[in-house]
Amino acid sequence: MSLDFKNVTHRYAREEVLRDVTLGAAPGEVTCLLGASGSGKTTLLRLAAGLERLQTGEIQLDGEMLCSPAEHAPPERRPVGLVFQEHVLFPHKTVLDNVAFGLRDMAPRQRRASAEASLDAVGLSTFANRYPDTLSGGQQQRVALARALAPSPRVMLLDEPFANVDAQLRRTLREDARLVLRRSGTIAVIVTHDPEEALELADHIAVMDHGRIVQAGTPEAIWGQPADRAVAALFGETQELAGTVSSTGVTTAFGPLGGDRVEAACGEEVTVFMRPSAVALCKAGDGSTPGTVRDVRFLGDRYVVLVEADGQILRASVADLRGIGIGDRVRAHFDPTGAFVYRKGQPVPRG
């Protein structure tokens, strides 16, 4: 059982917004479409919902045709629930009536019971008789989720559902939504532009760029083995450093990058995407050519240290300063699992 996009291509006028997209999403799991604005992720969601007509390819649900260029069921005839940024609750209806709105084919008693169960699932059973304008933004978004889940759809599609919620509430809403969606057993596909949100929500992530899926897999796989420089730049606050291939690896202005030999010609210039958490610092001894600490910032559970060398800035995220301060000369040591080396336009494999 799954929701499968097969070779989906879509255009608006002359602009190609999706290019040969193939992707599967399984029930009981959360799949995140991650990408910048204009990458095509919302269009893919709208095609599955029936808000756009499929031009090329097909979308299947549990092995059966959901839509194709020749078959287009309207949104109301698809077993799909939708949650958008703008939750659009009916202001003149109570919370319970909002949730029950899509259950009009049920008998009144059954409709009320299903709406109450859905509200209970999102922790809002005590708000049943309230009106939307008396709720916080986070509570309104929970009502929207409950309303979409109430008919027990086989697919839940969520488009940037937490974008309009205060940052302080966002993490709680993500956690709550993930638990509710997984418990429901539905196929859940969430659109987001936020890599942190994708990591917190997803069992599987599909990274989209200019209408293509450039990498799809588990959060662990995408974090640890980014397919290209665009994916590497998304996760872990990576920074770009200039490097040169040597006989033992890659040399940077801040020191050598250890680990496996880089399969590229000695002397070749490359780009190193380095995560601050992969950098360790120590005070430099006499006669070395280290970097200079330009700034230190305390972030609660860690320090961010800015080191300058050769006109470049290196950010290091460390738990302990070990006596390092502004103006000190320091040497950097790198954890190769947090460093990714790329040629111009393509990855340079290490291994």
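**Figure 1. Ile59 and Cys67 are bridge partners in a predicted model.** Cys67 belongs to strand β5. This strand covers residues 64-68 and pairs with β4. The pairing is antiparallel and runs over three bridges. Together, β4 and β5 form a hairpin. Two residues lie between the strands. Asp62 sits in the turn, with a positive phi of about 55°.

**Figure 2. Strand β1 pairs with strand β4.** Strand β1 holds residues 3-12, and strand β4 holds residues 56-61. Five bridges link them in the antiparallel sense. Thr9 stands opposite Thr56 of β4.

**Figure 3. Five strands make an open sheet.** Read across the sheet, the order is β2-β1-β4-β5-β6. The pairing is antiparallel. Which strands stand at the edges? They are β2 (15-25) and β6 (71-72). Each has a single partner strand, so one side of each has no neighbour in the sheet.

**Figure 4. Thr9 is a residue of strand β1.** Is Thr9 buried or exposed? Its relative accessibility is 16%, so Thr9 counts as buried; the cut-off for buried is under 20%. A polar atom of the Thr9 side chain lies 2.9 Å from the backbone nitrogen of Asp20. Residues up to four places away in sequence are not counted in the next list. Thr9 then touches Glu16, Leu18, Arg19, Asp20, Gln55 and Thr56.

**Figure 5. Glu52 lies in the loop between α1 and β4.** Helix α1 covers residues 41-49. Which side chains does the Glu52 side chain meet in polar contacts? One is the side chain of Tyr12, at 3.5 Å. Another is the side chain of Arg46, at 3.3 Å. Setting aside neighbours within four places in sequence, Glu52 is in contact with His10, Tyr12, Arg46, Leu47 and His72.

**Figure 6. The largest nonpolar core has 43 residues.** Leu119, Leu145, Met156 and Leu181 have the most contacts inside this core. Helix α4, residues 137-149, gives the core its largest share, which is six residues. Another core lies apart from this one. That other core has 27 residues, including Val17, Leu18, Ile59 and Val155.

**Figure 7. Met156 is among the residues with the most contacts inside the largest core.** Here too, neighbours within four places in sequence are left aside. Met156 is in contact with Gly81 and Val83. Leu145, Ala148 and Leu149 are also among its contacts. So are Leu181, Thr186, Ile187, Ala188 and Val189.

**Figure 8. Helix α3 has a buried side and a face turned away from it.** The helix runs through residues 108-121, 14 residues in all. From the first C-alpha to the last, α3 reaches 20 Å. That is close to the 20 Å expected at 1.5 Å a residue. Ser114, Ala115, Ser118 and Leu119 are buried in α3. Why do these buried residues lie on the same side of α3? They cover an arc of only 135° around the axis, and therefore share that side. The face turned away carries the exposed residues Arg109 and Asp120. The buried residues of α3 pack against α2 (95-100) and α4. Just after the helix comes Gly123, with a positive phi of about 75°.

**Figure 9. Helix α5 has 18 residues.** It covers residues 167-184. Its span from first C-alpha to last is 26 Å, close to the 26 Å expected at 1.5 Å a residue. Which residues of α5 are buried? They are Leu173, Arg174, Ala177, Val180 and Leu181. Their cover includes the strands β3 (30-34), β8 (155-159) and β9 (187-192). The helices α3, α4 and α6 (195-201) are also part of that cover. Just after α5, Gly185 has a positive phi of about 75°.

**Figure 10. The close-ups belong to a protein of 351 residues.** The secondary structure comes to eight helices and 22 strands. Along its principal axes, the C-alpha trace spans about 85 × 45 × 35 Å. Buried residues make up 47% of the protein. Take the contacts with a separation of 6 or more: residues 24 or more positions apart account for 65% of them.

Conventions. Residues numbered from 1 in each chain as written. Predicted model: local features only at pLDDT ≥ 70, side-chain atom pairs only at ≥ 80, totals over all residues. Heavy atoms only, no water. Pairing = 2+ DSSP bridges. Helix = DSSP H or I, 4+ residues; strand = E, 2+ residues; numbered from the N terminus. Core = buried A, V, L, I, M, F, W, Y, C linked by side-chain atoms within 4.5 Å. Buried < 20%, exposed > 50% of the residue type's maximum accessible area, 1.4 Å probe, protein only. Contact = heavy atoms within 4.5 Å. Expected span 1.5 Å × (residues − 1). Arc of directions from axis to C-beta. Polar contact = N/O pair within 3.5 Å; in protein donor to acceptor, adjacent residues only side chain to side chain.
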